[in-house]
Amino acid sequence: MNPEIENKIVARGQEFFKSIAGEAPSIFSKGHWTGKVMDWAMKNEDFKVQLFRFVDVLPYLNTGESLQRHIEEYFAGNDCEIPAVLKWGAEKSGLFGGLAAKVMGKAIRGNIEGMAKQFIIGENSKEAMKSLRKLRKDGFAFVVDFLGEATVSEIEAQAYHDGYMEILDAMAAEQHKWDCLGKSGNGQDWGHAPKVNVAVKLSAFYSQAKPQDIPGSVAGMLTRIVPIYRKIKAMGGFMCIDMEQLKYKEMTIELFKQLRTMDEFKDYPHLGIVLQSYLRDTENDLDGLLSWARAKSLPISIRLVKGAYWDFETVMAKQCGWDVPVWTQKPESDICYERCARKILENHDICHFACASHNIRTFSYVMETARELNVPDSRYEFQVLYGMAEPVRKGLKNVAGRVRLYCPYGDLLPGMAYLVRRLLENTANESFLRQSFAEGKELERLLENPALTLKREQECSPVTHPAKRPSYGNLPPFKNHQLIDFTIPEVRAAFPKAIAEARKSKGKTYPLYINGKDVATQDRMTSTNPADPDEVLGQVCQAGRTEIDMAIEAADKAFLSWRDMPAEKRAEYLVKAAAIARRRIYDLCAVQVLEVGKQWDQAYNDVGEAIDFLEYYAREMVRLGTPRRMGFEPGEHNHLFYQAKGVAAVIAPWNFPLAISVGMASAAIVAGNPVIYKPAGPSSIVGYGLVEIFREAGLPEGVFNFCPGRSSVMGDYLIEHPKVSLIAFTGSMEVGLRIQEKAAKVQPEQAQCKRVIAEMGGKNAIIVDDDADLDEAVLGVLYSAFGFQGQKCSACSRVIVVEPIYERFIERLAEAAKSVKIGPAEDPANYMGPVVGPAQQKDILKYIDIAKQEGEVLVMREVPQKGCYVPMTIVAGIRPEHRIAQEEIFGPVLAVMKAKDFDQAIEWANASRFALTGGVYSRSPRHLEQARREFRVGNLYLNRNCVGALVERQPFGGFKMSGVGSKAGGPDYLLQFLDPRVVTENTMRRGFTPIEDDDNWVC
Ligand SMILES: Cc1cc2nc3c(=O)[nH]c(=O)nc-3n(C[C@H](O)[C@H](O)[C@H](O)COP(=O)(O)OP(=O)(O)OC[C@H]3O[C@@H](n4cnc5c(N)ncnc54)[C@H](O)[C@@H]3O)c2cc1C
């Protein structure tokens, strides 16, 4: 950095601060309720969390009772403990004290709504126009943003579009009355800028936007954006496309380019896009846009911001195992901002610049750089959010003249969500506004070159020690395989390529694999694509009793040496297998897409889970493989250790065809038990994937044997075989119970009791409480019920909705369900595909008939005629005693139940023979606590969907009729495949005992 310019930047900043000395943004002004509460929140992190959560739920608290209950739940056990700061205003106006809590609740609501209104120019177009008039009178230009709820359906996306049209009409009727800002008098503000300026958030215009389908998403969004932009153009206005979360970035840039080049718009320069400097990739995006604009000779406009979703992007990346896409030290975002700002200003001939910030160092940098580069005033302007940083905007107007305020308008419901974002932004430790106006940090630091700040912070940042995790021999700590990230173009491209490749194997015959060798049989089963049963994928050889005998003999022969191999060595095979699956991940996914109809992400999750099982059980066996000393009394050594049980039959389902197969088989294998693996018929080719993986991993002969076959021919034979010691099964309750019964009967020559590990069905419920965030609940229920066509044991099949919110919830749910696309899983645009086969299709259709009789059909989607499709079905009016509420359906059928209150909802949720998964959407701390205690299922999910358990983080499995055995992917799972032994040795000889370090010896 040129020191001369740097000095000028600092001098300009100092002057700026001087010009606003003594002023503070209203949000920090302690003479007002907001300022007091903010002050308290910044000093007290717990209060801040509770306050922001309370603000978030407030619009849902429609009755005095619910308002009062939530105030107590969030802020105190009883009235007296509610912080004085919240009651401020109530006391002041004489409302508090002897008066009822109800009145205080009202005052708190009024204060918070007042706070929201501070950031919003109006709740309807009339109020908005009044505010705009006033702002323009004060010399500020505007950019209007229509606040929207997250759009979960096409009807909501259309309403959002209509909302824009309404405000545009209002502006069209008014704009001629507005005097131009500045002195030009040519009809434009400051002589060059359209008076009408509108911001849009693309994701709200198309409910089905998703990163795995960028062309479809862009097309969907364009259908509603084009009419809006057309109207803006007719008014001579400007439209800026806001930037949202990272998952929408690529489609936003793509849509911007398409819109900019459309015949009807390419000669109209007033289109802008936002870039966020907190993204590590933003400089590349900027370079791309600038060179694109040059190549096309089309002027563009860029608003540069730091970015509003820093916490979200960081948390998501951490949860999903992705590289964090944002800079993680605040000065890095500032440095990136300054670099990008300079680049835009250098290209001012082709790119107009909107500098959006509240940071005086940032503004000073831009002003001095623009001056250094001789950038004309018409090529850049400054933007600030309405309701924020009032002194800054005033100072800016004085110095730069051209200030535009970003003005949200709309209902208080989305307004509260917007308020929470602003409160977070203002009170974050890193916030320039907080540091300047609430903490009074020294100017020298506030105006410092961010490169120096970064250096200083890095030099004095404390060394962090990652949390200690258990060690597993030579293996590094377990880490889940990362979830799929469709923002990476190579990931998206990999699927069609792998699917095309998988199709090349069509018509192949898949043999059995016994004792390390392929074994062909004459009995074959044809595997087909459920989306198109005419597409034959392959022929799978079927095992009969002879082959089962061969496999059991091979396994039995392998048993002793495999059992006695050190646990670490057995674990190595699993780690090798995981590496193979990781390398072949897209091939393994492609087979699932074709054979069982898994969508891209569902298939990837399945293979990812298989990898996790291999890695996790490898480590778990190393842990369990070390004998444990029990008790520390001197003179006696007690060691607990484990040994394998014997030959294991692994009987797998088709719904998680690789993950559950690999999970059960690898657990048995690593514990020292050779395996006879029987895949489910409909996923036999996926099952063959285990042969490929374990063969390449080099498992000794006989340790893994692949025996697909017809249950009627070899099912009972395998289970009852006297040499089978262990049966790991996942599937329906009927089959699971039958296996337990058969296994209980001792056969001649049977040497030990058989152990059965059976994961069975579910009739999982999600409760939607009266204060639930419906944006989340609707999408969470939809995904839990219809992801992979509802064919997950964890799928939601009952949604129990508490009465006050019932109508709003089901209306939004039904519309959301009507909006999704249905068709073959290989097309990423489709949300739902075919069920796995004709038998399952027939079964589910039968249940749909029952559902029609028992309840009232809310949604029944048309589905393609060809293929194993069943309609996506939602049925209301279901009561606990109905069959639809009791029997497992395993398909896309959702029962809706209306409960009178939360207690009844819990009671109904538990009124099932199953206890596998459950979910609760609620923002009541007390109800969430109650659910933890009383909603008795194996896996309970609070405020999220109820599917997609991750190995180690959410060990999975239920009880009651949902299963026997402990949780897959958890620390107790392997114990089921082992027999514990204890050896006790008396180490005392003639009164002499060696004393060990860990003995409980006298001091
Ligand atoms: C007119 C206008 C339009 C806007 N439009 C958009 C938009 O379309 N999309 C959007 O995302 N945002 C948008 N914003 C919001 C904007 O991103 C935030 O207001 C802005 O990030 C706050 O930055 P600042 O320069 O005002 O403050 P500063 O206090 O200087 O910066 C705060 C910002 O630094 C970043 N940050 C915080 N902590 C860290 C950290 N540990 N490591 C790295 N970076 C960190 C974050 O981005 C945070 O918001 C807009 C803002 C304005 C004024």
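**Cysteines, strand S27 and the ligand site**

Cysteine 320 is buried, with a relative accessible area of 9%. The model is predicted. The sulfur closest to that of cysteine 320 among the cysteines belongs to cysteine 589. It lies 16 Å away, too far for a bond. Cysteine 355 is buried as well, at 0% relative accessibility. For cysteine 355, the closest cysteine sulfur is that of cysteine 340, at 12 Å. That distance, too, is too far for a bond. A disulfide requires the two sulfur atoms to lie within 2.5 Å. The structure holds 0 disulfides.

Strand S27 spans residues 917-921. Of its 5 residues, 5 are buried, so the strand is largely enclosed by the rest of the structure. Thr917, Gly919 and Tyr921 point one way from S27. Gly918 and Val920 point the other way. Residues on both sides are buried.

S27 pairs with two strands. Strand S21 (residues 764-768) runs parallel to S27 and is joined to it by 4 bridges. Within this pairing, alanine 765 of S21 stands opposite glycine 918 of S27. Strand S28 (residues 939-942) also pairs with S27 in the parallel sense, over 4 bridges. Here glycine 919 has tyrosine 941 in S28 as its bridge partner. Helix H34 (residues 925-934) completes a β-α-β unit with S27 and S28. The unit is right-handed.

The ligand is surrounded by 29 residues. The closest are Gly307, Ser333, Ser357, Glu425 and Phe432. Several elements each supply at least two residues of this shell: strand S4 (271-276), strand S5 (300-305), helix H13 (330-346) and strand S7 (380-385). S7 gives the largest share, with 3 residues.

Polar atoms of the ligand lie close to both side-chain and backbone atoms. A ligand nitrogen is 3.0 Å from an N or O atom in the side chain of arginine 303. A nitrogen atom of the ligand is also 3.2 Å from a polar backbone atom of tryptophan 327. On the side of oxygen, a ligand atom is 2.8 Å from an N or O atom in the side chain of asparagine 359. Taken alone, the ligand exposes 950 Å², and the protein buries 93% of that area.

Technical notes
Residues are numbered from 1 along each chain as its sequence is written. This is a predicted model: local features need pLDDT of at least 70, side-chain atom pairs count only at pLDDT 80 or more; totals for chains, interfaces and linings use all residues. Side-chain values use heavy atoms; hydrogens and water are left out. Buried means under 20% relative accessible area, exposed over 50%, partly exposed in between (1.4 Å probe, protein chains only). Two strands pair if DSSP finds at least two bridges between them. A crossover is right-handed if, with the strands pointing away from the viewer, the path from the first strand over the helix to the second runs clockwise. A residue is near a molecule or strand if one of its heavy atoms lies within 4 Å of it. A polar contact is a pair of N or O atoms within 3.5 Å; within protein, one must be able to donate a hydrogen and the other to accept it, and residues adjacent in sequence count only if both atoms are side-chain atoms. Accessible areas come from the Shrake-Rupley method with a 1.4 Å probe; for residues, only the protein chains shown count as cover.
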